[in-house]
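This report walks through a protein structure part by part. Please look over the sequence and the model before reading on.

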Amino acid sequence: MTATADPVTLMKQEVGKAAAALVKSGSIVGLGTGSTTAYTIQFLGDRLKSGEIKDIVGIPTSFQSEVLAKQYGVPLTTLDAVDHIDIAIDGADEVDPQKNLIKGGGAAHTREKVVDYLAEQFIVVVDSGKLVDRLGSSFAVPVEVIPMAITPVTNAIKKLGGKPELRMGVKKAGPVITDQGNFVLDVRFDSIDDPVNLEKTLNNIPGVLENGIFVNCVDLVLIGEVKDGQPLVRQL
């Protein structure tokens, strides 16, 4: 951590560090995806190197978190090799007052949901700009779709009142391809009054693999803020 880092970067580092500090020796840890979670993985590596903790293994939720874990010396395992996950740490694109989430800005929400829901404790790390009164206020709902079903799924979502848009690549011609080889529809809804039922309804459309609404799964939200130029971390 450098003295010249900007306040937002310092804040993300502090939130990532606060989450990493909650991991105990001997834990199986779900490693989330995103800019803030990247710092968590870095600080987990630092804690292992210093001997502060030992015997932890990580389960990555994306190629990004797998690469970072290897870079920072966090040993990895797979879901085939374990029977539980002690703690998962992940980011979010939106968090409502009931601690429901929209995730999937990085198109990793399918793997994230598998790992995060399995965890005995699920901790979310965000900056205060991700807090909303109601899901869908600022972020579309990502829906992962197998390629052959993109047209029927699009039509079904429109019938639900959603406005789906195929996510296109940046610096790449064509659509974004997930780690599973699928497409992502970003769906805007005028209002998400019942995220629990919408999550189920979307997943019941044939051809949908998973969507980015996460409900009734979060134990703790660590929120980073910058006040008077200083990074702060609070809990929800």
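## A covered strand

Strand β7, which spans residues 141-145, is mostly covered, with five of its five residues buried. The model is a predicted one. Cover is found on both faces of β7: V141, V143 and V145 lie on one side, P142 and E144 on the other, and all are buried.

Strand β7 is joined to β9 by five bridges, and the two run antiparallel. Strand β7 also runs antiparallel to β10 (residues 208-211), to which three bridges join it. E144 takes part in both pairings: its bridge partner in β9 is V184, and its bridge partner in β10 is E210.

## A sheet of three strands

An open sheet of three strands follows the order β4-β5-β11, and its pairing is antiparallel. Strands β4 (94-95) and β11 (213-214) are at the edges, and each has a single partner strand, so one side of each has no neighbour in the sheet.

Two bridges hold the antiparallel pairing of β4 with strand β5, which covers residues 101-102. Within this part of the sheet, V95 is placed opposite L101 in β5.

## Salt bridges

How many salt bridges does a search of the whole structure find? The search gives eleven. One of them joins E52 and R47, whose closest N and O atoms are 3.0 Å apart. The two residues differ in their cover: E52 counts as exposed at 52% relative accessibility, while R47 counts as buried at 12%.

Another salt bridge is formed by E66 and K70, with 3.1 Å between the closest N and O atoms. Because these two residues are four residues apart in helix α3 (residues 63-72), about one helical turn separates E66 from K70. E66 is partly exposed, at 25% relative accessibility, and K70 is exposed, with a relative accessible area of 57%.

R167 and D186 also meet through their side chains in a salt bridge, at 2.8 Å from N to O. R167 is in the loop between β8 (163-166) and β9 (183-188), and D186 is in strand β9, so this pair ties together parts 19 residues apart in sequence. R167 and D186 are both buried.

Salt bridges can also be linked to one another, and a network of them connects D90, K103 and E112. E112 can be placed relative to T37, a residue of helix α2. T37 and E112 are 75 residues apart in sequence, and their C-alpha atoms are 12 Å apart in space. T37 counts as buried, with 2% relative accessibility.

## The largest pocket

Rolling a probe the size of a water molecule over the atoms shows where empty space is left. The largest pocket holds about 230 Å³ of space. Its lining is made up of 18 residues, and those nearest the centre of the pocket are T33, G34, G91, A92 and D93. Two elements, α2 (35-50) and β6 (119-127), give two or more residues to this lining.

## A nonpolar patch on the surface

Which residues form a nonpolar patch on the surface? They are L79, V114 and L118, and together they have about 240 Å² of accessible area. V114 belongs to helix α4, which runs over residues 109-118. V114 is partly exposed, and its relative accessible area is 42%.

## Two residues with positive phi

Most residues other than glycine have a negative phi. D55 has a phi near 60°, which is a positive value in a residue other than glycine. D55 is in the loop between α2 and β2 (57-60). Is D55 buried or exposed? With a relative accessible area of 60%, D55 is exposed.

N216 is another residue other than glycine with a positive phi, near 55°. N216 is located in the loop between β11 and β12 (220-227). N216 is exposed, with a relative accessible area of 67%.

Definitions and conventions:
Residues are numbered from 1 along each chain as its sequence is written. This is a predicted model: local features need pLDDT of at least 70, side-chain atom pairs count only at pLDDT 80 or more; totals for chains, interfaces and linings use all residues. Side-chain values use heavy atoms; hydrogens and water are left out. Patches are made of residues with over 30% relative accessible area and no salt bridge: like charges are joined within 9 Å, nonpolar side chains (Val, Leu, Ile, Met, Phe, Trp, Tyr) within 5 Å. Accessible areas come from the Shrake-Rupley method with a 1.4 Å probe; for residues, only the protein chains shown count as cover. A salt bridge is a side-chain nitrogen of Lys or Arg within 4 Å of a carboxyl oxygen of Asp or Glu. Buried means under 20% relative accessible area, exposed over 50%, partly exposed in between (1.4 Å probe, protein chains only). Two strands pair if DSSP finds at least two bridges between them. On a 1 Å grid over the protein atoms alone, a cavity is a set of points where a 1.4 Å probe fits but cannot get out, and a pocket is an open set with protein on both sides within 12 Å along at least five of seven lines; lining residues have an atom within 4 Å of a point. Grid points are joined across faces, edges and corners, and a volume is the space filled by probe spheres set on the points.
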